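Here are some exercises to work through with the coordinates open in your viewer. Try each task before you read its solution.

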Amino acid sequence: MTNTQINDVQGASVTKRKRRPPGSLQKLKSERVQQAVAQMPGWRVSDDGQALERLRVFRTYKMAASFIAFVAHNAAEADQAVDIRVVRREVALTLRGTCRTGLPSILTERTLQFAKGVA
């Protein structure tokens, strides 16, 4: 589900959850993930198979900071979990799939589509 801000009858802001498209949260088979990652230069599957990883090196710190802002904004809009680590001009991204309480995260089509969008 994604969030939408609305106002209740007393004017207070509340969050309303929108439904995601059917099938967008189904766990992908590892073969499908490997096939997709092969078509996405720079991305790799994490050692535990539960995340996508990418390291980008920029010419300047300012360019790296702009990329971080771009990724963070789009992750918030897409309700996508992303870990961002920065060391000078290097930006490491880790995209995790959907995580149910107490269960490991799963890679979904949404995760793959997000990775393609921030390539």
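## Exercise 1: Two loop residues with positive phi

Arginine 88 sits in the loop that links E5 and E6. The model you are looking at is predicted.

Task: Find the phi angle of arginine 88, then decide whether arginine 88 is buried, partly exposed or exposed. Do likewise for the phi and the accessibility of aspartate 79.

Solution:
- Step 1. The phi of arginine 88 is positive, about 55°, although this residue is not a glycine.
- Step 2. Its relative accessibility is 69%. Exposed means over 50%, so arginine 88 counts as exposed.
- Step 3. Aspartate 79 is in the loop between H2 and strand E5 (81-87).
- Step 4. Aspartate 79 is not a glycine either, and its phi is positive at about 55°.
- Step 5. With 34% relative accessibility, aspartate 79 counts as partly exposed.

## Exercise 2: The chain as a whole

Task: In what pattern do helices and strands follow each other along the protein chain, and what share of the residues is buried?

Solution:
- Step 1. Start with the inventory: the protein chain has 3 helices and 6 strands.
- Step 2. Put in sequence order, these elements read β-β-α-β-β-α-β-β-α.
- Step 3. Turn to burial: 30% of the 119 residues count as buried.
- Step 4. For the surface, the accessible area is about 8000 Å², and carbon and sulfur atoms account for 52% of that area.
- Step 5. Finish with the contacts between residues at least 6 apart in sequence: 51% of them join residues at least 24 apart.

## Exercise 3: A pair of helices

Two packed helices are described by the angle between their axes and the distance between the axes.

Task: Describe how H2 and H3 are placed relative to each other: parallel, antiparallel, perpendicular or oblique? Which residues meet?

Solution:
- Step 1. Helix H2 covers residues 61-78 and helix H3 covers residues 109-117; their axes come within 11 Å and cross at roughly 150°.
- Step 2. This angle makes H2 roughly antiparallel to H3, because angles over 145 degrees fall in that class.
- Step 3. The handedness of the H2 and H3 crossing is right-handed.
- Step 4. At the interface, H2 contributes Phe70, Val71, Asn74, Ala75 and Ala78, which meet Arg110, Phe114 and Gly117 of H3.

## Exercise 4: The buried side of H3

Task: Which residues of H3 are buried, and which elements do they pack against?

Solution:
- Step 1. The buried set in H3 consists of Arg110, Thr111, Leu112, Phe114 and Ala115.
- Step 2. These buried residues pack against H1, E3, strand E4 (51-57), H2 and E6.
- Step 3. Take one of the set, threonine 111, which belongs to helix H3. Its relative accessibility is 1%, so threonine 111 counts as buried.
- Step 4. Beyond its neighbours within four places in sequence, threonine 111 contacts Leu52, Gln80, Leu95, Arg96, Gly97 and Ile106.

## Exercise 5: Tryptophan 43 and its surroundings

Task: Is tryptophan 43 buried or exposed, and which residues does tryptophan 43 touch?

Solution:
- Step 1. Locate tryptophan 43 in strand E3, which covers residues 43-45.
- Step 2. Its relative accessible area is 6%, so tryptophan 43 is buried.
- Step 3. Setting aside residues up to four places away, tryptophan 43 touches Val37, Leu52, Glu53, Arg54, Leu93, Leu95, Ala115, Val118 and Ala119.
- Step 4. Look at Leu93 in that list: leucine 93 is 50 residues from tryptophan 43 along the chain, yet their C-alpha atoms are 9.3 Å apart.
- Step 5. A polar side-chain atom of tryptophan 43 lies 3.4 Å from the backbone oxygen of alanine 115.

## Exercise 6: Two more buried residues

Task: Where does threonine 94 lie, and which side chain forms a polar contact with the side chain of threonine 94? Then find how far apart the C-alpha atoms of alanine 36 and lysine 116 are.

Solution:
- Step 1. Threonine 94 is part of strand E6 (residues 90-96), and its 3% relative accessibility makes threonine 94 buried.
- Step 2. The side chain of threonine 94 has a polar contact of 3.2 Å with the side chain of arginine 85.
- Step 3. Apart from neighbours within four places in sequence, threonine 94 is in contact with Ala51, Leu52, Glu53, Ala81, Val82, Asp83 and Arg85.
- Step 4. Alanine 36 belongs to helix H1 (residues 30-38) and is buried at 3% relative accessibility.
- Step 5. The C-alpha atoms of alanine 36 and lysine 116 are separated by 9.6 Å, with their positions 80 residues apart along the chain.

Notes: Residues numbered from 1 in each chain as written. Predicted model: local features only at pLDDT ≥ 70, side-chain atom pairs only at ≥ 80, totals over all residues. Heavy atoms only, no water. Helix = DSSP H or I, 4+ residues; strand = E, 2+ residues; numbered from the N terminus. Buried < 20%, exposed > 50% of the residue type's maximum accessible area, 1.4 Å probe, protein only. Contact = heavy atoms within 4.5 Å. Areas by Shrake-Rupley, 256 points an atom, 1.4 Å probe, with all protein chains shown as cover. Polar contact = N/O pair within 3.5 Å; in protein donor to acceptor, adjacent residues only side chain to side chain. Axes fitted to C-alpha atoms, helices over the stretch in contact; angles between N-to-C directions. Parallel < 35°, antiparallel > 145°, perpendicular 65-115°, else oblique. Left-handed = near helix turned anticlockwise from the far one by under 90°.
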